[in-house]
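Visitor: I've got the sequence and the coordinates open side by side. Could you walk me through what's in there, one question at a time?

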Amino acid sequence: MADKDNGPRKVTSFDVARVAGVSRAAVSRAFTPDASVSPKTREKVYQAAKELGYRVNYLARSLTNKRSDLVGLVAAGLDNPFRTLQIEHLARALLARNFRPILLPTSKESDTSAVIGQLLHYAVSGVIVTSDAPPTEICEQCAAEGVPIVLINKGEDIPYVDRIVSDDRMAGHLAAEHLIEGGVRSAAVMAAPAVSYTARRRSEAFLTRCKQLGLQARLIPLQVNDYQNGYSAAGDLGTLGVEGVFCANDYMACGVIDRLMGDLGRREEPPIRIIGHDDIPQASWAAYALTTIRQPCDLQAEQTIDLLISRMAEPDMTARVEFTPVSLIKRRTA
């Protein structure tokens, strides 16, 4: 379809309505999830749109509806393979529910106000904030704008803001019990509890369970829950007399394994038992074969979006917390 003076003209919903023989309102309903429209009309609209090369302009629609189908994913720590896996599952689950994810990377050093500005300029329908991203200012500003928010693995108790939290208490207990079953007499948990809600909960649960079961255990505090800090701290494990270690995440555990195996020239297995958390893809690699606590990203994503959709429908309901179950995955390291 072309204009003599200005070249190709953009196909509009009016064109689709004319070719399909329906009203423009019917075209709008056909492209709106869960809208009331007959299957026959929807098929006629889709066929006409395909013939004309029509695409819905969701950003333009948001200007009319005051809200788009976009959902902001606010995330930090993207170097951690678990975060990548988590974002992938959240994005896929959002697409399956007819939302469109928009990723906004952030960090403790970044300008949070810039993230908020992007979210609100795009008229997002909701916001999901993952564990390493700073949420308080984001939550307060979005709440003032009436934008629903769900936090994942965060400890902040904020009115009208829902949370999904992995069962860190069970994770700590599973790790302690499995090390004892393996004959470990002296254990440690490696974590950065000062900067991470989940690391703090996992380490506290692990130490509490060890004490209950009579297992000597200590905390090895780190600055950050990442590969490099795990790698560096692993050099001290031998002098501490530790026989088993629970790492707050797999990313860190991989660093521990690489340091221990590097010191041994990779001629034998690590001299201590190692348990991680998250079950990232690398945990199953032959080089690691890491025993770990699985945090199911697929289930967590569905829980998160269920809460977000219900919050969209009832914005004034009391804040809710749901727990994601965890399970022990046994491999070679413990």
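**Helices, sheets and a few residues**

Guide: Sure, and keep in mind that this is a predicted model. Let's start with a helix pair: the axes of helix H8 (residues 168–181) and helix H9 (residues 197–212) come within 7 Å and cross at roughly 45°.

Visitor: Are H8 and H9 parallel, perpendicular or oblique to each other?
Guide: The crossing angle is roughly 45°. Roughly parallel would need an angle under 35 degrees, and roughly perpendicular starts at 65. H8 and H9 therefore count as oblique.

Visitor: Is the crossing of H8 and H9 left-handed or right-handed?
Guide: Look at how H8 passes H9. The crossing is right-handed.

Visitor: How many residues of the contact of H8 with H9 are nonpolar, polar and charged?
Guide: H8 brings in Asp168, Arg169, Gly172, His173, Ala175, Ala176, Glu177 and Leu179. From H9 come Thr198, Arg201, Arg202, Ala205, Phe206, Arg209 and Cys210. Sorted by type, that gives 6 nonpolar, 3 polar and 6 charged.

Visitor: Is His173 buried or exposed?
Guide: His173 sits in helix H8 and touches Ala205 and Arg209, leaving aside residues up to four places away in sequence. Its relative accessible area is 12%, and the cut-off for burial is under 20%. So His173 is buried.

Visitor: On to the sheets. Which strands stand at the edges of the open sheet with the order S9-S8-S10-S11-S12-S14?
Guide: This sheet has 6 strands with mixed pairing. An edge strand has a single partner, so one of its sides is left without a neighbour in the sheet. That description fits strand S9 (216–221) and strand S14 (327–329).

Visitor: What does the twist of that sheet average from one strand to the next?
Guide: Follow the order S9-S8-S10-S11-S12-S14 across the sheet. From one strand to the next, the twist averages 20°.

Visitor: Which residue in S10 stands opposite Val189?
Guide: Strand S8 (residues 186–191) and strand S10 (residues 244–247) run parallel and are joined by 4 bridges. Opposite Val189, in S10, you'll find Phe246.

Visitor: What angle does the direction of H8 make with that of S11?
Guide: H8 packs on this sheet, touching S8, S10, strand S11 (273–278), strand S12 (291–294) and S14. With the direction of S11, H8 makes an angle of about 160°.

Visitor: How many residues of S11 are buried?
Guide: S11 pairs in the parallel sense with S10 over 3 bridges, and with S12 over 4 bridges. S11 is largely enclosed by the rest of the structure, because its buried residues number 5 of the 6.

Visitor: Which residue in S12 is the bridge partner of His277?
Guide: Two bridge partners are handy for checking the register here. In S11, Gly244 is partnered by Arg273. In S12, the partner of His277 is Ile293.

Visitor: What about the open sheet with the order S4-S3-S5-S6-S7-S13: which are its edge strands?
Guide: This one has 6 strands and parallel pairing, and its twist averages 20° from one strand to the next. An edge strand pairs on one side only, and that picks out strand S4 (100–105) and strand S13 (321–324).

Visitor: Which residue in S4 stands opposite Gly72?
Guide: Strand S3 (residues 70–75) runs parallel to S4, with 6 bridges joining them. Facing Gly72, in S4, is Ile102.

Visitor: Which helix lies across S3, S5 and S6?
Guide: Those strands are S3, strand S5 (126–129) and strand S6 (149–152). The helix covers residues 136–144 and runs at about 160° to S6. It is helix H7.

Visitor: Which residues in helix H1 are buried?
Guide: H1 spans residues 13–20 and is followed by Gly21, whose phi is positive, near 75°. The cover over its buried residues includes helix H2 (24–30) and helix H3 (39–52). The buried ones are Ser13, Asp15, Val16, Ala17 and Ala20.

Visitor: Last one: how far apart in space are Tyr231 and Arg259, C-alpha to C-alpha?
Guide: Tyr231 belongs to helix H10 (residues 227–233) and is partly exposed, with a relative accessible area of 30%. Not counting residues up to four places away in sequence, Tyr231 touches Gly255, Val256, Asp258 and Arg259. Tyr231 and Arg259 are 28 residues apart in sequence, and in space their C-alpha separation is 5.3 Å.

Notes. Residues numbered from 1 in each chain as written. Predicted model: local features only at pLDDT ≥ 70, side-chain atom pairs only at ≥ 80, totals over all residues. Heavy atoms only, no water. Axes fitted to C-alpha atoms, helices over the stretch in contact; angles between N-to-C directions. Helix = DSSP H or I, 4+ residues; strand = E, 2+ residues; numbered from the N terminus. Parallel < 35°, antiparallel > 145°, perpendicular 65-115°, else oblique. Left-handed = near helix turned anticlockwise from the far one by under 90°. Contact = heavy atoms within 4.5 Å. Nonpolar A, V, L, I, M, F, W, Y, C, P; charged D, E, K, R; others polar. Buried < 20%, exposed > 50% of the residue type's maximum accessible area, 1.4 Å probe, protein only. Pairing = 2+ DSSP bridges.
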